[in-house]
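Subject: A structure for you to look at

Hi there,

Here is the structure I promised to pass on to you. Have a look at it first, and then read on for what turned up.

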Amino acid sequence: MGKYSVPERIRSMKPRGTMVKAIGGRYYVYEYRSVARGGRRKTEMGRCIGSITDEDGFVPNGARAREGEVTTLEFGQYAVALANSAGVLAMLREHFDPRDAAQVYALAVVNCVNGMQPAKDAGRHFAMSALSLRFPSLKMGPDALATLLDALGRRQGPVMSFEAALCASAGPEVAVDGHAMPSSSRLNDLAEPGCRRGRLGSDQVNLLMAYDVGTGRPMLSRMYEGAALDKASVRDLLTRAELTGKMFVADAGFYSKGNVEAFTSNGCSYIIPLHKRLLACREAVADPEVDGRFVYRRGGRASAVEYRDARRRGARVVLFRDLNKQAMEQAGYLAKLGQGAEGYTAEGFEEAKDLMGVIVLQTSREDMSAQEVYEAYKRRWSVEAFFGWLKNGAGFTSPGAQDYCKAQGLAFVALVTALVHRELADACKAVRGKSVDDCLLEARMVKANKVGGRWVCCNLRSKQERLFSALNTPLTVDFLLQHT
């Protein structure tokens with residue numbers, strides 16, 4: 001070998017104008033050049049361009065299939081999402097730096113199409129999708145996304161400005177609700193034993209959101225400690241934006257004297273159910289009088305509802321009894337009793353029968369009829385459907401971020417993801433009989449291929465053409481490139 005540490009047989013296989021280095025028992029090929037410095041010429045090593053083995057000879061970097069240029073991208077589902085949520089990006093750009101707005105939006109689109117993704121996976125989805133053509137200079141690696149989440153949680157000026165704009169444009173009815181998520185990491189700044197630890201099997205963190213009932217869009221989003229009660233956290237959530245003249249529709253878990261005061265500040269009002277343990281609720285149930293009846297219709301179903309409207313302990317309290325639901329619940333209990341099911345007794349039936357089909361609502365709205373109060377509360381079902389999508393459709397079942405600021409950044413990304421999904425759901429109404437998931441699944445059949453240096457759509461069928469037409473999405477990659 002003489003003065004060389006690299007055998008002659010290896011050096012004989014290197015390309016002209018390169019040098020070989022032995023590192024860890026393997027041989028790597030580097031560019032090199034001769035440069036003049038201080039009146040003398042020296043050899044300067046450049047970048048590594050490949051390796052040499054006895055079996056394969058010289059193997060350039062990128063020669064393997066998995067290292068080559070990507071020439072096929074996921075197109076259809078991303079094109080549909082991009083074409084129908086441009087308003088979300090435009091709104092983000094009103095409050096954020098254009099680069100930050102693009103990063104938040106791209107991450108939200110990835111989450112909307114694939115479900116909530118951890119940072120390490122979101123970048124891979126981005127790189128293999130048409131998003132990479134729409135935003136070619138965007139950094140979406142794990143470090144870049146971690147930095148983004150930290151900035152969103154630590155420097156919340158643009159976030160609060162964005163949320164304030166959502167609140168200002170919201171309709172008159174606002175629902176508030178929470179979502180408990182498991183977190184087994186001791187490093188999570190928000191993870192604590194909470195009320196659902198038995199069901200979740202671990203400590204929890206709580207996501208709390210305010211939701212515009214009329215438009216189906218979330219307005220505010222924040223992570224809270226697992227041991228914090230929603231009825232305590234909601235007051236903090238509502239201080240994040242000025243809400244004037246809204247009617248809050250909440251569930252029984254948000255009832256407290258302090259919240260009643262918060263719900264009636266700035267010209268606001270509320271409708272909230274009373275827990276069965278509260279004295280005002282027990283008094284309402286014990287009162288046998290009925291003030292009237294009405295028919296409640298939802299979809300193709302109709303129910304007879306009777307009510308008793310009274311003032312109890314200084315507040316308007318209305319008892320509603322859905323007679324159809326009452327009959328079904330009583331029949332169900334008696335059927336279980338007849339089968340000898342555990343926990344079903346004759347005494348238990350007598351104790352529970354008067355509460356079956358019953359809901360007791362307290363409200364500050366004196367101007368609404370009992371039927372209007374009931375119907376307004378029933379519209380709150382949309383927030384339940386929204387959280388159902390967030391948990392099951394978007395798969396937001398556990399926060400990937402452990403750090404406090406990153407968790408708050410993730411809460412905002414979840415809000416923007418929901419906005420993208422809402423815009424897409426509105427567009428999908430034009431496709432009869434198909435949900436958002438149906439449309440995305442059908443659209444993903446369409447890919448983008450790079451042919452002769454140009455990106456073109458492929459794998460097209462007539463049903464995809466009809467779908468893209470209904471969703472106002474061009475079947476061409478050019479509409480993405482026009483924005484770059």
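**Strands at the start: β2, β3 and β4**

S34 has T43 of β3 as its bridge partner. That pair belongs to a longer match: strand β2 (residues 26-37) and strand β3 (residues 40-53) run antiparallel and are paired over 10 bridges. Two residues sit between these strands in their hairpin, and there G38 has a positive phi near 65°. β3 also has a partner in strand β4 (residues 57-60), again antiparallel, with four bridges between them. Here you can find S51 opposite V59 of β4. The hairpin from β3 to β4 passes through three residues.

**How far to trust it**

Please keep in mind that this is a predicted model. Mean pLDDT for the chain is 88, with 94% of the residues at 70 or more. Which elements have the lowest and the highest mean pLDDT? Helix α9 (residues 197-200) is at the bottom with 68, while helix α3 (residues 86-95) is at the top with 96. Where pLDDT is low, the coordinates should not be read in detail.

**Helices α3, α4 and α8**

In α3, the residues V88, L89, M91, L92 and H95 are buried. Looking down the axis of α3, you will see its buried residues within an arc of 165°, so they line one face of the helix. What do they pack against? The buried residues of α3 pack against α4, α6 (131-134), α8 (157-168) and α17 (404-428).

Now for α4 (residues 98-114). Of its 17 residues, 13 are buried, so the rest of the structure largely encloses this helix. You can also check its length: 17 residues at 1.5 Å a residue should span 24 Å, and the C-alpha atoms at its ends are 24 Å apart, which agrees. At the N-terminal end of α4, D97 acts as a cap, with a side-chain oxygen 2.8 Å from the backbone nitrogen of R99. After α4 comes G115, which has a positive phi near 90°.

In α8, take a look at E163. Is E163 buried or exposed? With a relative accessible area of 0%, E163 is buried. Leaving out residues up to four places away in sequence, E163 touches M219, L220, S221, R240, F412 and L415.

**Strand β14 and its partners**

Strand β14 (residues 358-363) has six of its six residues buried, so it is largely enclosed by the rest of the structure. V358, V360 and Q362 point one way from the strand, and I359, L361 and T363 point the other way.

β14 has an antiparallel partner in strand β10 (residues 269-273), joined to it by three bridges. Within that pairing, I271 is bridged to T363 of β14. Strand β13 (residues 315-322) also pairs with β14, with six bridges in the antiparallel sense. There, L319 has V360 of β14 as its bridge partner.

One residue of β14 to zoom in on is Q362. Its relative accessibility is 6%, under the 20% cut-off, so Q362 counts as buried. The side chain of Q362 makes a polar contact of 2.9 Å with the side chain of Y270. Apart from neighbours within four places in sequence, Q362 is in contact with Y255, V260, Y270, I271, I272, L274, A315, R316 and V317.

Enjoy exploring, and write back with any questions!

Best wishes

Methods
Residues numbered from 1 in each chain as written. Predicted model: local features only at pLDDT ≥ 70, side-chain atom pairs only at ≥ 80, totals over all residues. Heavy atoms only, no water. Buried < 20%, exposed > 50% of the residue type's maximum accessible area, 1.4 Å probe, protein only. Pairing = 2+ DSSP bridges. Expected span 1.5 Å × (residues − 1). Polar contact = N/O pair within 3.5 Å; in protein donor to acceptor, adjacent residues only side chain to side chain. pLDDT = per-residue confidence, 0-100. Contact = heavy atoms within 4.5 Å. Arc of directions from axis to C-beta.
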